[in-house]
Amino acid sequence: MKPTRIAGSSIGAIMGAAYASGLSGEEVRQIALEIFADRNSVLSRLWQLRPRRIADVFRPGPVQFDPERVLEVFLASYLPDRFEDLHIPLRVLATDFYGCEEVDFETGPLLPAIAASIAIPAIFRPVRLDGRILIDGGVVNPLPFDGLRATCDIVIAVDVVGAPVPRANKDDISMLDSLFGSSQILMQTITNQKLKIDQPDILVRPPHDAIRVLDFMKAEHILNTAESLRETTKEKLELLIKEPMELT
């Protein structure tokens, strides 16, 4: 049983693209574990992302990564070049920074669209694409299940936004903690308002824990913690599929 369409913002765009490319859920899991299993290997890949030009080092503000280059170093070998090469239709969402609106990608080059969707402010540089300056799709639509109802009988949404995680000293809030925490609060507010208007058939929400936005080295812990959600979601899905069959 596979989805007929997938939509994703930010990390959802990466996971959606991986699954839409034909990888199984187990293969996606193994890739995540392999990429982040060895700290030295991760550091070696991060070294490839160092600024190549002196001008980039002396830009005002913190040094930002090029999101497309990050995808090339970590994930490009697992993904096709274009949306048209995917096995499952995929919609990737980004945010037009100056247009203050959602931008959807469903055709054309895949990596640039995902790069725009994951361009978290302060960590990644905005992406210039199709004449627009684009940033993280979660800014405008962190849970993009809307638009799927027209073509899907059952809609499943996965919300992994989370919430700010306090440090040992709760008075100690770093710049990044403040930035990411504010973004999480904003995205949760947007999602809660959306859910008042429309509901997916199944909403999957991992429990809030001590995982922060960039805690990728904790991939195994994150996956193990979410394991119980897989069985719960399967049970709910089986019931939804069974109901129409019983009525016929």
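1. Let's start with Cys-100, which is exposed at a relative accessible area of 65%. Cys-100 isn't a glycine, yet its phi is positive, at about 55 degrees. Keep in mind that we're looking at a predicted model here.

2. Where does Cys-100 lie? In the loop between strand 2 and strand 3. Those two strands form a hairpin with 4 residues between them. Strand 2 (residues 90-96) and strand 3 (residues 101-105) run antiparallel, and 5 bridges join them. One pairing to look at is Val-92, which stands opposite Phe-105 of strand 3.

3. Ser-10 also caught my eye: another non-glycine with a positive phi, about 60 degrees this time. You'll find Ser-10 in the loop between strand 1 (6-9) and helix 1 (11-20). Is Ser-10 buried or exposed? Its relative accessible area is 16%, so Ser-10 counts as buried, the cut-off being under 20%.

4. On to the packing. The largest nonpolar core has 43 residues, and the members touching the most others are Phe-74, Leu-90, Phe-105 and Ile-114. Among the elements that each supply at least two residues of this core are helix 1, helix 2 (25-35), helix 5 (67-74), strand 2 and strand 3. Helix 6 gives the largest share, 6 residues.

5. Phe-105 deserves a click in the viewer. Leaving aside residues up to four places away in sequence, Phe-105 touches Phe-83, Leu-90, Arg-91, Val-92, Ala-94, Ala-113, Leu-129, Asp-130 and Leu-134.

6. Finally, don't miss the second core, which is separate and has 8 residues, including Ala-7, Leu-148, Val-155 and Leu-195.

Notes: Residues are numbered from 1 along each chain as its sequence is written. This is a predicted model: local features need pLDDT of at least 70, side-chain atom pairs count only at pLDDT 80 or more; totals for chains, interfaces and linings use all residues. Side-chain values use heavy atoms; hydrogens and water are left out. Two strands pair if DSSP finds at least two bridges between them. Buried means under 20% relative accessible area, exposed over 50%, partly exposed in between (1.4 Å probe, protein chains only). A nonpolar core is a set of buried Ala, Val, Leu, Ile, Met, Phe, Trp, Tyr and Cys residues joined through side-chain atoms within 4.5 Å. Contact means heavy atoms within 4.5 Å.
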